[in-house]
Amino acid sequence: MHDNRHTAEVYHSFFSVARQLKRLAHQSAAEVGLTVHQLDILRLIRKVPGLTQKEVTERLRVPKSRVSLHIDALVEKELAVRETSPQDRRETLLRSTSAGEELCERYDREDQSRLALDQALRQFSAEEIGSLLDMHQRLLDKL
């Protein structure tokens, strides 16, 4: 049975969990000297080398001007490089450097938001986690 009180409780619950995970993610990113957005870009171009800035913008759904600033910072820190496309010399492709790869690996090991979530999820069975994920997906499908 559903009532408006449940809607408010679930709404606040989602935001509380997201806010805490976001706080921990920002903290972990700062510990490696980057912002969360810079890390998102670095991790994406590590996973899919050779993306253009436009493709990064589309995949991350971040304003083009912000992506450009973040990429500039990553290049300046020698974590990413811009390369001219061999197919279209007007196009610039992005890839992570070995230092960028190492930083991503370090972040993945030390990310407090993931470590905290992993620890918190240990209290639930695999079936409960599966149900939680199923409910989240059903909610997303309706939103």
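This report describes the overall form, the nonpolar core, one helix and two individual residues of a predicted model.

## Overall form

The protein chain contains 7 helices and 3 strands, and read along the sequence these elements follow the pattern α-α-β-α-α-β-β-α-α-α. Along its principal axes the C-alpha trace spans about 60 × 30 × 25 Å. The radius of gyration of the protein chain is 19 Å, whereas a compact globule of 143 residues would have a value near 15 Å.

Of the 143 residues in the protein chain, 25% count as buried. The accessible surface comes to about 10,400 Å², and carbon and sulfur atoms account for 54% of that area. Among the contacts in the protein chain with a separation of 6 or more, 55% are made by residues 24 or more positions apart.

## The nonpolar core

In soluble globular proteins, nonpolar side chains tend to be buried together. In this model the largest nonpolar core has 22 residues, and those with the most contacts inside it are Leu34, Leu39, Leu42, Val56, Leu74 and Leu103. At least two residues of this core are supplied by each of helix H1 (4–31), helix H2 (36–47), helix H4 (64–76) and helix H5 (98–110). Of the contributing elements, H2 gives the most to this core, with 6 residues.

Leu34 may serve as an example of the contacts made by a core residue. When its neighbours within four places in sequence are left aside, Leu34 is in contact with Ala29, Leu39, Leu42, Leu74, Lys77, Leu79 and Leu103.

## Helix H4

The 13 residues of H4 should span 18 Å at 1.5 Å a residue, and the end C-alpha atoms of the helix are indeed 18 Å apart, so the expected and modelled values agree. The buried residues of H4 are Val67, His70, Ile71, Ala73 and Leu74. Seen down the axis of H4, these buried residues fall within an arc of 160°, and they therefore line one face of the helix. An α-helix has 3.6 residues a turn, so residues three or four places apart point the same way.

The buried residues of H4 pack against H2, helix H3 (53–60), strand S2 (80–84) and strand S3 (92–96). On the face of H4 turned away from its buried side lie the exposed residues Ser65 and Glu76. Just after H4, Glu78 takes a positive phi of about 60°.

## Ser28 and Arg43

Ser28 has its place in helix H1, and because its relative accessible area is 3%, under the 20% cut-off, this residue is buried. Leaving aside neighbours within four places in sequence, Ser28 is in contact with Tyr107, Glu110, Asp111, Gln112 and Ser113.

Arg43 lies in helix H2 and counts as partly exposed, because its relative accessibility of 24% falls between the cut-offs of 20% and 50%. Not counting residues up to four places away in sequence, Arg43 touches Cys104, Tyr107, Asp108 and Arg114. Tyr107 is thus a contact of Ser28 and also of Arg43. The C-alpha atoms of Arg43 and His136, which lie 93 residues apart along the chain, are separated by 25 Å.

Technical notes. Residues numbered from 1 in each chain as written. Predicted model: local features only at pLDDT ≥ 70, side-chain atom pairs only at ≥ 80, totals over all residues. Heavy atoms only, no water. Core = buried A, V, L, I, M, F, W, Y, C linked by side-chain atoms within 4.5 Å. Buried < 20%, exposed > 50% of the residue type's maximum accessible area, 1.4 Å probe, protein only. Helix = DSSP H or I, 4+ residues; strand = E, 2+ residues; numbered from the N terminus. Contact = heavy atoms within 4.5 Å. Expected span 1.5 Å × (residues − 1). Arc of directions from axis to C-beta. Rg over C-alpha atoms; globule rule 2.2 N^0.38 Å. Areas by Shrake-Rupley, 256 points an atom, 1.4 Å probe, with all protein chains shown as cover.
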